[in-house]
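Colleague: Could you take me slowly through one part of this model, beginning with a single charged side chain and its surroundings, and then going on to the cysteines?

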Amino acid sequence: MASSHLQNVLVVVTMASLMIPSHATLIPHFYDKVCPQALPVIKSVVQRAINRERRMGASLLRLHFHDCFVNGCDGSVLLDDTRSFTGEKNALPNKNSLRGFEVIDEIKAAVDKACKHPVVSCADILAIAARDSVAIKRCKKCKQRCCKQQHSCPIFQLLTASFKFQVTWIGPQGLVALSGGHTIGFAKCTTFRSRIYNATNRPQLCSLFAEKCPRIGGDNNLAPFDPTPTTVDTMYYKELMCKKGLLHSDQELFKGSGGESDRLVELYSRNPFAFAQDFKASMIKMGNMKPLTGNMGEIRGNCRRVN
């Protein structure tokens, strides 16, 4: 019952937008008039992708996160490198890690066909796909704000968890809530090997993951962030309270010292509604970072390159 309620609430993620007058603001129903078919088409492609591979939902959500944490939600993470341009795809946090680019290509082709021409920005596609991945069948009450564009930008390293705490636009509550995106998905062995073999960690952590991540080899082996990697729930936070966070950055959210982050983890672990509300608010706040409106951006014909 709690999981169902959580999924009903966890449906609002921010959308980026289209090129409209320079004084435009972000509005939740932008595509209703521009191209009413856009959102249903995107949802159907996301649904097919998740049906093909259940892990894809988490991958699409992660794409949106990584796009937003680098100079705002502008779709720049989708750009391929060229002789004269080095983008974010092959930056250290993303190389051989981010996935789902082919699904974004599939969405772009389908929505451009349905709308007769390119009217949906690649930044919007990322945000909408992330939303639909979180609650693929529970989006009746979604209200997105649309009007950001995408552009190209240089390589930036993603913010570390400890630094994010100091970022005024999100704060500790936003960080703990957004980290709940790890309620779905998996991590590669290379990202958690040092944690599970650290002598200061509980032996049970090593026993849980050693088979999936040996000391040597198996770098691309996967382990789930929590025991329910295909379900949006609060198990992620329960695992943190048991000191079973898969990544070091995850476990840093709960140290057992009674700090603000600890209190938020405890709250979300027992209150799915509080988690859902804060996750929703934080996603909207993240998506509203540095919106590109008017002539500040462009609607790409191909999400992999600028026009």
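Modeller: In this predicted model, E239 is buried and yet has no salt bridge, and the nearest side chain of opposite charge, that of K244, is 4.7 Å away. A salt bridge would need a side-chain nitrogen of Lys or Arg within 4 Å of a carboxyl oxygen, so the distance of 4.7 Å to K244 leaves E239 without one. As for its place in the chain, E239 belongs to helix α11, which runs over residues 235-241. Leaving aside residues up to four places away in sequence, E239 touches D226, P227, K244, G245 and Q251, and K244 therefore appears both in this list of contacts and as the nearest opposite charge.

The cysteines can be followed next, and the count of disulfides comes to four. One of them joins C35 and C115, whose sulfur atoms are 2.0 Å apart, and with -90° about the S-S bond this link is left-handed. The pair connects distant parts of the chain, since C35 lies in the loop between α2 (30-34) and α3 (38-52) while C115 lies in helix α5 (residues 101-115), 80 residues apart. C35 is buried because its relative accessible area is 3%, and C115 is buried as well, with a value of 7%.

Another disulfide joins C68 to C73, with an S to S distance of 1.9 Å, and here the 120° about the S-S bond makes the link right-handed. C68 has a relative accessibility of 0% and so counts as buried, and C73, at 4%, likewise counts as buried.

A further disulfide joins C189 to C213, again with 1.9 Å from S to S; because the torsion about its S-S bond is about 65°, this disulfide is right-handed. This pair, too, links distant parts of the chain, with C189 in helix α9 (residues 189-196) and C213 in the loop between α10 (203-209) and β2 (222-224), 24 residues apart. C189 counts as buried at 0% relative accessibility, and C213 counts as buried at 0% too.

If the bonded cysteines of the protein chain are numbered in sequence order, the pairing reads 1-4, 2-3, 5-8, 6-7. C242, by contrast with the buried C213, is partly exposed, because its relative accessible area is 36%.

How values were computed. Residues are numbered from 1 along each chain as its sequence is written. This is a predicted model: local features need pLDDT of at least 70, side-chain atom pairs count only at pLDDT 80 or more; totals for chains, interfaces and linings use all residues. Side-chain values use heavy atoms; hydrogens and water are left out. Helices (H or I, at least four residues) and strands (E, at least two) are DSSP runs, numbered from the N terminus. Buried means under 20% relative accessible area, exposed over 50%, partly exposed in between (1.4 Å probe, protein chains only). Lys and Arg count as positive and Asp and Glu as negative; His and the chain ends are not counted. Contact means heavy atoms within 4.5 Å. A disulfide is a pair of cysteine sulfur atoms within 2.5 Å.
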